[in-house]
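Q: Hey, got a minute to go through this model with me? I'd like to know what I can lean on before I start picking at details.

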Amino acid sequence: MTKRHGYAVLSALVALIVAVCAAVYVAVAADDGTPSGTFAGSRPRHGSSVAPASTGTWVGAWSTAPVGGEPGTETTGLAGRSVRNVVHASTAGTSARITLSNLYGQSPLTVSHASLAVAVGHDTAEADAATMRRLTFNGAASVVIPAGGQVLSDAVRVVVPHDSDVLVTTYSPTPSGPVTYHPHAQQMSYVAQGDRTEDATGAAYTEQTPYWRYLTALDVLSNEATGTAVVFGDSITDGITSTVGANRRWTDVLAGRLHTAVAAGGALPRYGVVNEGISGNQVLADGLGRPAENQSGLGRFGRDALSRTNVKVVVIDLGINDIIRNPDLADPHRITEGLRTLVRQAHARGLRVVGATLMPFRGHRGWTPAREAVRQQVNAEIRSGRVYDSVVDFDQALRDPYDARRLRPAYDSGDHLHPSDLGFARMGDVFDLGALKGAGQAEL
């Protein structure tokens, strides 16, 4: 081979390597981190109205669990009305997309118009007009969601700041019901008559609601976060006694601490934090209905935790309702085995699981000495390290130093079961952020 031919071969090899690297880069940049089959419907088509592929990462900024069908909406749903859900972003992004659910609907849900915008502030239906975006679904402005189904929107380019409120509005022109909802939002959302989907002023939104309707997830394309931490629990995680509109659930405190620590240069995972708490939820027992309302933790874990976008770690605070709501004396071994089942499912996906001890509830109407004994047995097993990868001891952090069977008075909302805002702050503060690091163990 002549020297000239050698240079030509070398140049061709360099060009081939550059082309292969470029193809790999494009493939990685276009990956949204969402497991295939998570959402009903087709994947978004990218065009002029949607966000292009980017080097950012799709993560969960907010989510909630569908709980049941809203009473009073069984026949007409919310036909002819615009529903403006207010949700709080736990992390920032440069593009956004949403998930809508018709899980508890008995007929197809037509959404003919949907929008997303950043609110001008907290607790308001008014949008920053410059951020108003019309949402599409597989390139179309309208979508029909079958009964029991859900749909993922196309992505839109919009800057979503950390700690901002985001307004997601849907309009349904035709009767459908019941409405899939989350009843204890601890956040006021809004309703307007007629199609006011892209009304930035919010003036038409004269009706307030304490529910989130249809909307179950807000994802963002983020350069700030690289994954999602899902918190899975009951009313304590749902934040049922926290101040409405103030984002004082313990998960909000956790998200704020994690963001601050990472921004300060802490060697911690950069995660969005999403809340999958349902008031009254149990590990083992379903609610009534088909599909079951307030589905058991075992039944909903795949949908509400494992299928969240780019999930990296799951935090579980569940089990107290299995003790309180069981008409018979609960079996602590069944509860802990149910929790282990959740952990095994997460480990099968390579996910780390952090679990919480069950907090005291003496003084609550459901407390008895026998139920207290069950709680202590469950907590002993959790503390042993035989249930979770690591443990956050909420029981120890919030109990009364003079009576370990009760919440400390300052941390008690007054019902002797749910924390006050100060109690929720304590829960978020005692959480070891380092526990979020790493993958799940192979076996417990």
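A: Sure, let's take it topic by topic, starting with confidence.

Q: What's the average pLDDT for the chain?
A: This is a predicted model, and its chain averages a pLDDT of 90. Of the residues, 87% score at least 70.

Q: And what about residues 1-48, how's the pLDDT there?
A: Over residues 1-48 the pLDDT is below 50. The model does give that stretch 45 contacts beyond near neighbours in sequence.

Q: OK, on to helix H3. Which residues does it cover, and what does it span?
A: H3 runs over residues 250-263, which makes 14 residues. From first C-alpha to last it reaches 20 Å, close to the 20 Å expected at 1.5 Å a residue.

Q: Which of the H3 residues are buried?
A: Trp-250, Thr-251, Leu-254, Ala-255 and Leu-258. They sit on the same side of H3, because they cover an arc of only 140° around the axis.

Q: Why would residues spaced like that point the same way?
A: An α-helix has 3.6 residues a turn, so residues three or four places apart point the same way.

Q: What's exposed on the other side of H3?
A: Thr-260 and Ala-263 are exposed there.

Q: What do the buried residues of H3 pack against?
A: Three strands and three helices are on the list: strands E17 (227-233), E18 (271-277) and E19 (311-317), plus helices H2 (235-238), H8 (394-398) and H9 (421-430). Just after H3, Gly-265 takes a positive phi of about 95°.

Q: Switching to pockets: how much space is in the largest pocket?
A: About 420 Å³. The lining has 29 residues, and those nearest the pocket's centre are His-88, Asn-247, Arg-249, Thr-251 and Asp-252.

Q: Which elements give two or more residues to that lining?
A: Strand E1 (57-63), strand E3 (81-88), H3 and E18. H3 has the largest share, with four residues. Thr-251 turns up on two lists here: it is one of the buried residues of H3 and one of the residues nearest the pocket's centre.

Q: How many cavities of 30 Å³ or more are there?
A: Two. The largest cavity holds about 60 Å³ of space. Its lining is made up of Asp-234, Ile-236, Asp-317, Leu-318, Gly-319, Ile-320, Thr-357, Leu-358, Met-359 and Leu-417.

Q: Now backbone oddities. Which peptide bonds are cis?
A: One is the bond from Gly-177 to Pro-178, with omega near -10°. Another is the bond from Arg-290 to Pro-291, with omega near 0°.

Q: Where are those two prolines?
A: Pro-178 is in the loop between strand E11 (165-172) and strand E12 (180-182). Pro-291 is in the loop between E18 and helix H4 (297-306).

Q: What about phi in Tyr-214 and His-416?
A: Tyr-214 has a positive phi near 70° without being a glycine. His-416 is not a glycine either, and its phi is positive at about 70°. For background, most residues other than glycine have a negative phi, and most peptide bonds are trans.

Q: Is Tyr-214 buried or exposed?
A: Tyr-214 counts as buried, because its relative accessibility is 3% and the cut-off for buried is under 20%. You'll find Tyr-214 in the loop between strand E15 (212-213) and strand E16 (215-222). His-416 is partly exposed, with a relative accessible area of 28%, and lies in the loop between strand E23 (403-407) and H9.

Q: Arg-300 caught my eye. Where is it, and what is it in contact with?
A: Arg-300 is in helix H4, and at 0% relative accessibility it counts as buried. Leaving aside neighbours within four places in sequence, Arg-300 is in contact with Ala-65, Phe-232, Gly-233, Glu-276, Gly-277, Ile-278, Asn-281, Gln-295 and Ala-305.

Q: Last one: what does Ala-192 touch?
A: Not counting residues up to four places away in sequence, Ala-192 touches Arg-81, Ser-82, Ala-204 and Tyr-205. Ala-192 is in strand E13 (residues 189-193) and is buried, with a relative accessible area of 1%. Ala-203 is eleven residues from Ala-192 in sequence, and the two are 8.9 Å apart, C-alpha to C-alpha.

Methods
Residues are numbered from 1 along each chain as its sequence is written. This is a predicted model: local features need pLDDT of at least 70, side-chain atom pairs count only at pLDDT 80 or more; totals for chains, interfaces and linings use all residues. Side-chain values use heavy atoms; hydrogens and water are left out. pLDDT is the predictor's confidence in each residue, from 0 to 100. Contact means heavy atoms within 4.5 Å. The expected span of a helix is 1.5 Å times one less than its number of residues. Buried means under 20% relative accessible area, exposed over 50%, partly exposed in between (1.4 Å probe, protein chains only). The arc is that of the directions from the helix axis to the C-beta atoms. On a 1 Å grid over the protein atoms alone, a cavity is a set of points where a 1.4 Å probe fits but cannot get out, and a pocket is an open set with protein on both sides within 12 Å along at least five of seven lines; lining residues have an atom within 4 Å of a point. Grid points are joined across faces, edges and corners, and a volume is the space filled by probe spheres set on the points.
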